[in-house]
Amino acid sequence: MCLVEGAAAGSQEALVLGVLKYLAGSGGASVTHGGAYSKLISAAAPYTQQPFSAQCVNINNVNTGMFGLSISAAGAEVGDVLKASIGVMSGFNDGVSDEALGAAKNKLKLEILSEYESNLGVRAATGLESIAAGSPSSASQLCGAIDSITNEEVMEAAKKINGSAPILVSYGNVENMPLQRELL
């Protein structure tokens with residue numbers, strides 16, 4: 001994993017990072033009618049001949065969060081996969097198309113609405129938001145806040161993330177894992 005400081009739960013910045021997560025790629029690769037891969041998977045695929053995974057993570061807690069990349073690749077290829085994935089994140093510094101931004105917003109709204117489908121999900125979400133922000137937001141309020149996210153906010157968040165020194169967490173064959181200074 002390659003992580004930087006994220007945003008606290010209940011903040012607008014957490015929602016912006018949620019959109020950024022879906023712009024890069026969250027979840028496993030899936031093939032539907034010829035292929036629909038995330039930007040992370042598409043960027044890393046040329047550098048590996050073995051099965052791999054690359055996804056963006058956004059973990060929000062009460063007073064802070066973690067944002068970054070979760071990479072799983074063969075030992076000899078992990079460095080190239082990680083560098084290609086970081087290159088995708090750097091590409092967001094210049095903004096994204098309106099179409100891509102709209103799709104990422106819709107994916108984040110789906111995640112939130114899916115969380116609110118069960119009693120357990122509602123309790124977990126409102127409990128964390130109550131602690132973090134003082135009062136919970138409804139699903140419609142969160143969706144409205146997501147709809148208001150601009151390309152400029154995404155670019156600002158990407159610049160902040162890409163300008164931060166990452167923390168690398170790895171296990172297994174780390175011989176080809178790049179050093180932190182090589183990623184800056």
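Leu-3 has its bridge partner in β4, namely Ile-167. That pair belongs to the antiparallel match between β1 and β4 (residues 167–168), which spans two bridges. This is a predicted model, and the notes below go through its sheet, one buried strand residue, a helix and the largest pocket.

**The sheet**

- Four strands make up an open sheet, running β2-β3-β1-β4 in order, with antiparallel pairing.
- β2 and β4 sit at the edges, each pairing on one side only.
- β1 (residues 2–5) also pairs with β3 (residues 65–72), again antiparallel, through four bridges.
- Within that pairing, Val-4 of β1 is matched with Phe-67 in β3.
- On to β2 and β3: these two run antiparallel as well, and eight bridges join them.
- Ser-53 faces Ser-72 of β3, and β2 itself covers 53–60.
- As background, strands in a sheet pair through backbone hydrogen bonds, in either a parallel or an antiparallel way.

**Ala-54, a buried spot in β2**

- Ala-54 is part of strand β2.
- Is Ala-54 buried or exposed? With a relative accessible area of 0%, Ala-54 counts as buried, because the cut-off for buried is under 20%.
- Setting aside neighbours within four places in sequence, Ala-54 touches Ser-38, Leu-40, Ile-41, Ser-70, Ile-71 and Ser-85.
- Take Ser-85 from that list: 31 residues separate it from Ala-54 along the chain, yet their C-alpha atoms are 7.3 Å apart.

**Helix α6**

- Which residues of α6 are buried? They are Ala-139, Leu-142, Cys-143, Ala-145 and Ile-146.
- Looking down the axis of α6, these buried residues fall within an arc of 160°, so they line one face of the helix.
- α6 (139–147) also turns up in the pocket, supplying at least two residues of the lining of the largest one.

**The largest pocket**

- The volume of the largest pocket comes to about 510 Å³.
- Its lining counts 22 residues, with Gly-10, Leu-15, Asn-60, Ile-112 and Glu-115 lying nearest the centre.
- Besides α6, at least two lining residues each come from α1 (12–24), β2 (53–60), α4 (98–115) and α5 (119–133).
- Which element gives the most to the lining of the largest pocket? That's α1, with five residues.
- Sorted by class, the lining has eleven nonpolar, seven polar and four charged residues.
- β2 thus shows up twice here: as an edge strand of the sheet and as a contributor to the pocket lining.

Conventions
Residues are numbered from 1 along each chain as its sequence is written. This is a predicted model: local features need pLDDT of at least 70, side-chain atom pairs count only at pLDDT 80 or more; totals for chains, interfaces and linings use all residues. Side-chain values use heavy atoms; hydrogens and water are left out. Two strands pair if DSSP finds at least two bridges between them. On a 1 Å grid over the protein atoms alone, a cavity is a set of points where a 1.4 Å probe fits but cannot get out, and a pocket is an open set with protein on both sides within 12 Å along at least five of seven lines; lining residues have an atom within 4 Å of a point. Grid points are joined across faces, edges and corners, and a volume is the space filled by probe spheres set on the points. Ala, Val, Leu, Ile, Met, Phe, Trp, Tyr, Cys and Pro count as nonpolar, Asp, Glu, Lys and Arg as charged, and the others, Gly among them, as polar. Buried means under 20% relative accessible area, exposed over 50%, partly exposed in between (1.4 Å probe, protein chains only). The arc is that of the directions from the helix axis to the C-beta atoms. Contact means heavy atoms within 4.5 Å.
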